[in-house]
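Welcome! Please take a moment to look over the sequence and the 3D view, and then let us walk through them together.

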Amino acid sequence: MAEQNELYAQGRTKPGPKVTNAKGGTSYHNFGVAVDFALLLPDGRSVSWDTKLDGNADRKAGWIQVVDIAKDLGFEWGGDWKTFTDLPHFQMVFGLSTAQYRAGKRHTQHNLMKL
Ligand SMILES: [Zn+2]
């Protein structure tokens, strides 16, 4: 939460560009049910956010291949959002709001069965 609040302050009350619209406790990242990704480049150390990159020359953008796999696994993709598109973002929230997570509610096997 503190780290998220620090990120939120950047570009508002602290110098630097804005990097998030979410205060601490309002991001699913704060509850371990969201991840952001990038493509690992062949050097094994650097990453790319190029959504058009076709690193294995199979005529398919690697980014979209990752998205397709994640969506098959049941993740919601930020690239499908209408109001704020977040291309590196995946989440699996189990039907719970961030307010419910803040209140201590967590998914259970019962919640999983409803998916
Ligand atoms: Zn994210």
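## Gly 32 and its surroundings

In this predicted model, Gly 32 sits in the loop that links helix H1 (2-9) to strand S1 (34-36). Is Gly 32 buried or exposed? Gly 32 counts as exposed, because it has 9 C-beta neighbours inside 10 Å, and the cut-off for an exposed residue is 12 or fewer.

Now look along the chain to Gln 91, which is 59 residues away from Gly 32 in sequence. In space, the C-alpha atoms of Gly 32 and Gln 91 are separated by 9.0 Å.

## The sheet

Next comes the sheet, an open one of three strands. Its strands are ordered S1-S5-S4, and the pairing is antiparallel. S1 and strand S4 (76-77) form the edges, each pairing on one side only. As background, strands of a sheet pair through backbone hydrogen bonds, in either a parallel or an antiparallel way.

How many bridges join S1 to strand S5 (residues 89-91)? There are three, and these two strands run antiparallel. If you would like to find a bridge by eye, start at Val 35, whose bridge partner in S5 is Phe 90.

## Two residues with positive phi

Two residues deserve a look at their backbone angles. Arg 59 is not a glycine, yet its phi is positive, near 65°. You will find Arg 59 in the loop between strand S3 (47-48) and helix H2 (62-72). Arg 59 is exposed, since 6 other C-beta atoms lie within 10 Å.

Phe 94 also has a positive phi, about 60°, although it is not a glycine. Phe 94 belongs to the loop between S5 and helix H3 (98-102). Why does Phe 94 count as partly exposed? Phe 94 has 17 C-beta neighbours inside 10 Å, and a residue is partly exposed when its count is over 12 but under the 20 needed for a buried one.

## More residues in these loops

The loop between S3 and H2 also holds Lys 52 and Lys 60. Lys 52 counts as exposed because it has 9 C-beta neighbours inside 10 Å. Its C-alpha atom is separated by 36 Å from that of Gln 100, a residue 48 places away along the chain. Lys 60 is exposed as well, with 11 other C-beta atoms within 10 Å. Which residues does Lys 60 contact, once its neighbours within four places in sequence are left aside? They are Asp 54 and Gln 65. Gly 25, in turn, is 35 residues from Lys 60 in sequence and 36 Å away from C-alpha to C-alpha.

Turn now to Ser 97, which is placed in the loop between S5 and H3. Ser 97 is exposed, with 12 other C-beta atoms within 10 Å; a count of 12 or fewer is what makes a residue exposed. From Ser 97 to Trp 63 there are 34 residues in sequence and 27 Å in space, taken between C-alpha atoms.

## The whole protein

Let us step back to the overall picture. The protein has four helices and five strands. Read from the N terminus on, these elements follow the order α-β-β-β-α-β-β-α-α. The C-alpha trace spans about 45 × 45 × 30 Å along its principal axes.

Of the 115 residues in the protein, 7% count as buried. What share of the contacts between residues at least 6 apart in sequence join residues at least 24 apart? The share is 29%.

## How confident is the prediction?

The average pLDDT of the protein is 92, and 94% of the residues score at least 70. Where is confidence lowest, and where is it highest? The lowest mean, 60, belongs to helix H4 (residues 109-114), while S4 has the highest, at 98. Where pLDDT is low, the predicted coordinates should not be read in detail.

Note on methods. Residues are numbered from 1 along each chain as its sequence is written. This is a predicted model: local features need pLDDT of at least 70, side-chain atom pairs count only at pLDDT 80 or more; totals for chains, interfaces and linings use all residues. Two strands pair if DSSP finds at least two bridges between them. Two residues are in contact if their C-beta atoms, placed from the backbone, lie within 7 Å. pLDDT is the predictor's confidence in each residue, from 0 to 100.
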